[in-house]
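Colleague: Could you take me through one part of this model in detail? I would like a close look at the aromatic residues and what surrounds them.

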Amino acid sequence: MTAINETTLNELVGRVLGDLGGAVSVPLVRIGDALGLYKTLKEIGPAKADELADAAGCASRYVREWLSAQTASGYISHEQGRFSLTPEQAFIFAEPDSPVNLIGAFDTAAAMVENQPKVQAAFKTGRGVAWGDQAGCMFCAVARLFRPGYVNALVQDWLPALDGVIDKLTSGAEVADVGCGHGLSTILMAQAFPKSRFTGYDFHMGSIAAAKAHAEAHGLTNLHFEVGRAQDFNGRDFDLITCFDCLHDMGDPKAAASHIRRALKDGGTWMVVEPMAGDTLEENINPVGRLYYSASTMICVPTSLAQETGLALGAQAGERRLADVIRSGGFTQIRRAAQTPLNMVLEAT
């Protein structure tokens, strides 16, 4: 037996214990969000446990234990018997439009655990797990996960980084949002550019139903949603086509690239937003890569393998591989127009 290095072992045990602490925090964070405990604490804190329980309409004994666990995690602050959220803690847990609101990530983690039996079986068969067959609220969780990035960067940074696109959108353009999911990205663009017309496409009927409900709730008239696959959706002569965090999930992204090229006007632009990644495993051994590889194993690769071709790019495909796929559709100019710690924005023309 190989000798154990006690220092290395203890360091690894420490990391694993930290990971386990985060893992068992997933249901607690989701309870705090669902019951309004973070929101209420932000409004009334510093507060004692029973004061927070009364304000949130919850049982005091449960809230006291929850607060203790959250304090031990560093998610909530405690001093002299009272609990509160620092501005930084509130920015993560209690402000929905914060660029670093991470509640959606906890929802996604829970959905990944629920998805385990199906993905585990697929490890043996090599088959996929269709998007519509995954964990019950996977679609809601993923939509919520991406929302903060879209709210804080899409209109403010990503679209302006594209060559000439803002002028077209301002004066009135035809736009397709392919793989739109619940339509959050489509709605943000439609709100910002009322003279343009937007069509959101997604192959998942449940997501399109949710997108239509969101659009109706916002009272928008310059957009509509319909079921359609990336490789054969209806519509032509678009000035701009967007794909947000979905190209790597497609079974045949090369066919999608070819169809998108045909659906664009001459001089049109394809904006591809994908998870931030380097081109090699070594470049992605970091906290972001760790999250994305795990999500890719449980969500992205199974989704792609369940479709025709099943190219299974994975969430950490990297810019070079993505550019090859985009170029296969007939695009000749590809550049990284913008980036955040979590996303890269590619412009293809």
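Modeller: Happily; here is a walk through the aromatic pairs, followed by a neighbouring topic, one of the helices.

A word on the basis: this is a predicted model, so local features need pLDDT of at least 70 and side-chain atom pairs count only at pLDDT 80 or more, while totals for chains, interfaces and linings use all residues. Residues are numbered from 1 along each chain as its sequence is written, and side-chain values use heavy atoms, with hydrogens and water left out.

Searching the whole structure gives 11 aromatic pairs. Here, rings of Phe, Tyr and Trp (its six-membered ring) pair if their centres lie within 6.5 Å; planes under 30 degrees apart are stacked, over 60 edge-to-face, and the rest tilted. One of the pairs is Tyr38 with Trp66, which is edge-to-face, at 5.2 Å centre to centre and 65° between the planes. This pair links distant parts of the chain, 28 residues apart: Tyr38 belongs to helix H2 and Trp66 to helix H4. Helices (H or I, at least four residues) and strands (E, at least two) are DSSP runs, numbered from the N terminus. Tyr38 and Trp66 are both buried, where buried means under 20% relative accessible area, exposed over 50% and partly exposed in between (1.4 Å probe, protein chains only).

Tyr75 and Phe106 form a pair too: their ring centres are 6.4 Å apart and their planes stand at 80°, so this one is edge-to-face. Because Tyr75 sits in the loop between H4 and strand S1 (77-79) and Phe106 in helix H6 (residues 103-125), the pair ties together parts 31 residues apart in sequence. Tyr75 counts as buried at 19% relative accessibility, and Phe106 is buried with a relative accessible area of 13%. Ring pairs link Tyr38, Trp66, Tyr75, Phe93 and Phe106 into a cluster.

Now to helix H3 (residues 49-56), whose buried residues are Ala49, Leu52, Ala53 and Ala56. Viewed down the H3 axis, these buried residues fall within an arc of 100°, so they line one face of the helix; the arc is that of the directions from the helix axis to the C-beta atoms. They pack against helix H2 (37-44), helix H4 (60-73) and strand S2 (82-84), with contact meaning heavy atoms within 4.5 Å. H2 and H4 are thus the link back to the rings, since Tyr38 lies in H2 and Trp66 in H4. After H3 comes Gly57, which has a positive phi, near 70°.
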